Amino acid sequence: MGAIENTEEKNVTGEKGAAERIDERQVLKAVDHTLLAQTATWEEIKTICDDAMECQTASVCIPPSFVSRVKAYVGGRIPVCTVIGFPNGYQTTAVKLFETKDAIENGADEIDMVIDIGAVKEGHFDQVEEEIRRLKEACGEKILKVIVETCLLTEEEKIRMCQIVTQAGADFIKTSTGFSKAGATFEDVALFAAHVGPGVRIKAAGGISSFADGQHFLDLGASRLGTSRLVKLYKQAAT
């Protein structure tokens, strides 16, 4: 997905016996199969779409510039997810709203937005909540996931973001872009599970490199996994 997926995986996987009992097909059903690299080409995007449809993942997550072509290519066989304010989140709300509306008009079924992290650091929580609320209004019945970039937040800020995402009416809180200094951790997903309100789901993303880790994130309370590696692992094992 991004630079973070090239780093060494630091999450601790389960013992071999536990890993062997994992239902990989069930884990794949929670995966947003992702390609967000700056160098992504249409041929590469088509490949991940084919793989996602073959493996029956939750969605395919691709750059906004490919949304209309992907929507036509998959023909309704899999939800299309894209990113807004990516990866830094410091665009104005007006820009993020335009991006969101444009993506939906082009056929996006799910929107993963990045918060204004600087606003969180300055304590402008009302501003952050209002932005999420406005993007959710623009999404309507489409799914909105809120990327909070956990590696840049304190524990107190993470808890506050759980509250804000809940109050703003978003569908998911998401750990990471995969483009910052670290990705999802077990501790952060457990923290989210303890503090999000009813109806808010959790997406772990960034650095998920094994089915054991993917299953553990799900066991901790995540219901989506943002990764490209698990589909690749599954296909490699099948050959």
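**View 1. E149 has its place in the loop between β5 (143–147) and α8.** Like every view here, this one comes from a predicted model. Look at the backbone of E149: its phi is near 55°, a positive value in a residue other than glycine. Most residues other than glycine have a negative phi. Is E149 buried or exposed? With a relative accessible area of 2%, E149 is buried, because anything under 20% counts as buried.

**View 2. Q56 lies in the loop between α3 and β2 (59–62).** Here is another residue with a positive phi: for Q56 the value is near 55°, and Q56 is not a glycine. Its surroundings are worth a look too. Q56 has a relative accessible area of 49%, so it counts as partly exposed.

**View 3. Helices α8 and α9 cross.** Helix α8 covers residues 155–168 and helix α9 covers residues 186–195; their axes come within 9 Å and cross at roughly 45°. Because of that angle, α8 is oblique to α9. The crossing of the two helices is right-handed. Which residues make the contact? From α8 come E155, K158, I159 and C162, while α9 brings D188, L191, F192 and H195. Sorted by class, the contact of α8 with α9 has 4 nonpolar, 1 polar and 3 charged residues.

**View 4. Helices α3 and α4 pack together.** Now turn to helix α3 (residues 42–55) and helix α4 (residues 67–74), whose axes are 11 Å apart and make an angle of about 40°. At this angle α3 is oblique to α4, because angles from 35 up to 65 degrees fall outside the roughly parallel and roughly perpendicular ranges. This crossing, of α3 and α4, is right-handed. On the α3 side you will find W42, I45, K46, C49, D50 and M53, and they meet R69, V70, Y73 and V74 of α4. The residues in this contact of α3 with α4 comprise 7 nonpolar and 3 charged ones, with no polar residue.

**View 5. R69 sits in helix α4.** One of the α4 residues that meet α3 is R69, so let us zoom in on R69, which is partly exposed with a relative accessible area of 42%. How far apart in space are R69 and G107? Their C-alpha atoms are 9.1 Å apart, although 38 residues separate R69 and G107 in sequence.

**View 6. Eight strands form a closed barrel.** Follow the strands in the order β1-β2-β3-β4-β5-β6-β7-β8: these 8 strands make a closed barrel with parallel pairing. On average, neighbouring strands of this sheet are turned by 25° against each other, direction ignored. One pair to pick out is β3 (residues 80–84) and β4 (residues 110–114), which pair in the parallel sense over 4 bridges. In that pair, I84 stands opposite M113 of β4.

**View 7. Helix α5 packs on the sheet.** Helix α5 (residues 93–105) touches β3 and β4, and its direction makes about 165° with that of β3. T100 belongs to this helix. Where does T100 stand on the scale from buried to exposed? T100 is buried, because its relative accessible area is 0%. Leaving aside neighbours within four places in sequence, T100 is in contact with I84, I111, L135, A138 and C139.

**View 8. P87 lies in the loop between β3 and α5.** The feature to find is the peptide bond from F86 to P87, which is cis, with omega near -5°. Most peptide bonds are trans.

**View 9. Strand β8 pairs with two strands, β1 and β7.** Strand β1 (residues 31–34) pairs with β8 in the parallel sense over 3 bridges. In this pairing, G226 of β8 is the bridge partner of D32. Strand β7 (residues 201–205) also pairs with β8 in the parallel sense over 3 bridges, and there L225 of β8 is the bridge partner of A204. In a regular strand the side chains alternate between the two faces of the sheet. Both faces of β8 (residues 224–227) are covered: R224 and G226 are buried on one side, and L225 and T227 are buried on the other.

**View 10. Helix α10 and the glycine that follows.** Which residues of α10 (residues 211–220) are buried? They are F211, A212, D213, G214 and F217. Just after α10 comes G221, with a positive phi of about 130°.

Conventions. Residues numbered from 1 in each chain as written. Predicted model: local features only at pLDDT ≥ 70, side-chain atom pairs only at ≥ 80, totals over all residues. Heavy atoms only, no water. Axes fitted to C-alpha atoms, helices over the stretch in contact; angles between N-to-C directions. Parallel < 35°, antiparallel > 145°, perpendicular 65-115°, else oblique. Left-handed = near helix turned anticlockwise from the far one by under 90°. Contact = heavy atoms within 4.5 Å. Nonpolar A, V, L, I, M, F, W, Y, C, P; charged D, E, K, R; others polar. Buried < 20%, exposed > 50% of the residue type's maximum accessible area, 1.4 Å probe, protein only. Pairing = 2+ DSSP bridges.
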